[in-house]
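Student: Could you take one part of this model and go through its surroundings with care? I would like a single connected account rather than a list.

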Amino acid sequence: SGNSVGAFGSAALSTILRINNAAQTEVSHNRFSSALASNAASAIFITGSATDTIIEKNEIGTTFPQAITDLGVGTRGLRKPITLLNGFTTPGGGAEPLNVMSSPADGRLFLNGSLNCPSGGGNGLQIGVLPVGFRYTAGIDFGAIAIVASQYVPCRIAVGTDGSLTLLVV
C-alpha cells in the first residue's frame with residue numbers, strides 16, 4: 001500500500017505486480033507506471049490461485065496494454081464481465097456491458113450494465129451466470145426495467161445460488 005512502482009529502460013516484464021496463491025491480499029493506494037508499453041503487459045496480474053484479492057484506489061499509467069489482468073476468484077473492487085446467453089446482447093452506443101463487482105469495503109455485490117432482450121422478450125430465460133466468488137448463499141430477486149417490443153416493462157432478475165441470472169417479466 002502506498003508504493004510507486006515502475007518499469008523503465010529495456011526491462012522485459014510480463015507484469016509489475018503478480019498476486020499468486022494468496023488469500024485476501026490488499027493492493028491499494030499504489031502508483032504503477034511504465035515509460036514504454038512493451039515493458040509490461042499489465043501492471044497487476046492476479047492468477048487463478050488468488051482468492052478474495054482487494055483492489056482499490058490505485059493509479060495505473062495509460063501505457064499498459066491492460067491495467068489489470070484478473071484471473072482470481074472473488075476479486076473485490078474490479079468489474080467482472082458476465083457472458084450473455086440465450087440471445088441477450090449488449091446495446092450499442094457505448095452502453096456498459098453487463099458485469100458484477102464486489103465492494104472492496106464489505107464484499108457487497110453490484111450488478112451493473114445494460115442488455116438487450118432477445119426477440120419475444122426473454123421472459124424466463126437465463127441471462128448469464130455470475131462468476132465463482134460472486135454468488136449469493138441464498139437466492140435473491142431484484143427489480144429492473146426491461147424494454148420489450150419498444151415498451152418499458154417492469155421485471156425482476158432472479159439470482160440463483162448457482163450464479164444463474166434469470167429474467168422474469170412481471
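**Leu-167 and its surroundings**

Tutor: Leu-167 lies in strand E15, which spans residues 164–169, and since the model is a predicted one, what follows describes computed geometry. With a relative accessibility of 3%, Leu-167 counts as buried, because the limit for that class is under 20%. Setting aside neighbours within four places in sequence, Leu-167 is in contact with Phe-88, Cys-117, Gly-121, Gly-122, Asn-123, Gly-124, Leu-125, Ile-127, Cys-155 and Arg-156. One of these partners, Arg-156, is 11 residues away along the chain, and the C-alpha atoms of Arg-156 and Leu-167 are separated by 6.1 Å.

Two cysteines, Cys-117 and Cys-155, are among the contacts of Leu-167, and they deserve a separate look. A disulfide is a covalent bond between the sulfur atoms of two cysteines. The closest cysteine sulfur to that of Cys-117 belongs to Cys-155, but at 6.9 Å it is too far for a bond, because a disulfide requires the sulfur atoms to be within 2.5 Å. Cys-155 is accordingly in no disulfide, its nearest cysteine sulfur being that of Cys-117, and the count of disulfides by this rule comes to zero. Cys-155 is itself buried, with a relative accessible area of 5%.

The largest pocket can be described next. Its volume is about 360 Å³, and its lining is made up of 19 residues, with Gly-113, Ser-114, Leu-115, Ile-145 and Ala-146 lying nearest the centre. Strands E11 (109–112), E13 (140–148) and E14 (151–159) each supply at least two residues of this lining, and E13 gives the most, with five residues. By residue class, the lining divides into 15 nonpolar and four polar residues, with no charged ones.

For another buried residue, one may turn to Ser-42, which is placed in strand E5 (residues 42–46) and has a relative accessibility of 2%, so that it counts as buried. The side chain of Ser-42 makes a polar contact with the side chain of Thr-69 at 3.4 Å, and it also reaches the backbone oxygen of Ile-44 at 3.5 Å. Not counting residues up to four places away in sequence, Ser-42 touches Ser-14, Thr-15, Ile-16, Phe-64, Gln-66, Ala-67 and Thr-69; Thr-69 is thus listed among its contacts as well as being its side-chain polar partner.

Definitions and conventions. Residues numbered from 1 in each chain as written. Predicted model: local features only at pLDDT ≥ 70, side-chain atom pairs only at ≥ 80, totals over all residues. Heavy atoms only, no water. 1 Å grid on protein atoms, 1.4 Å probe; cavity = no way out; pocket = protein on both sides within 12 Å on 5 of 7 lines; lining within 4 Å. Points joined across faces, edges and corners; volume = space filled by probe spheres on them. Helix = DSSP H or I, 4+ residues; strand = E, 2+ residues; numbered from the N terminus. Nonpolar A, V, L, I, M, F, W, Y, C, P; charged D, E, K, R; others polar. Buried < 20%, exposed > 50% of the residue type's maximum accessible area, 1.4 Å probe, protein only. Polar contact = N/O pair within 3.5 Å; in protein donor to acceptor, adjacent residues only side chain to side chain. Contact = heavy atoms within 4.5 Å.
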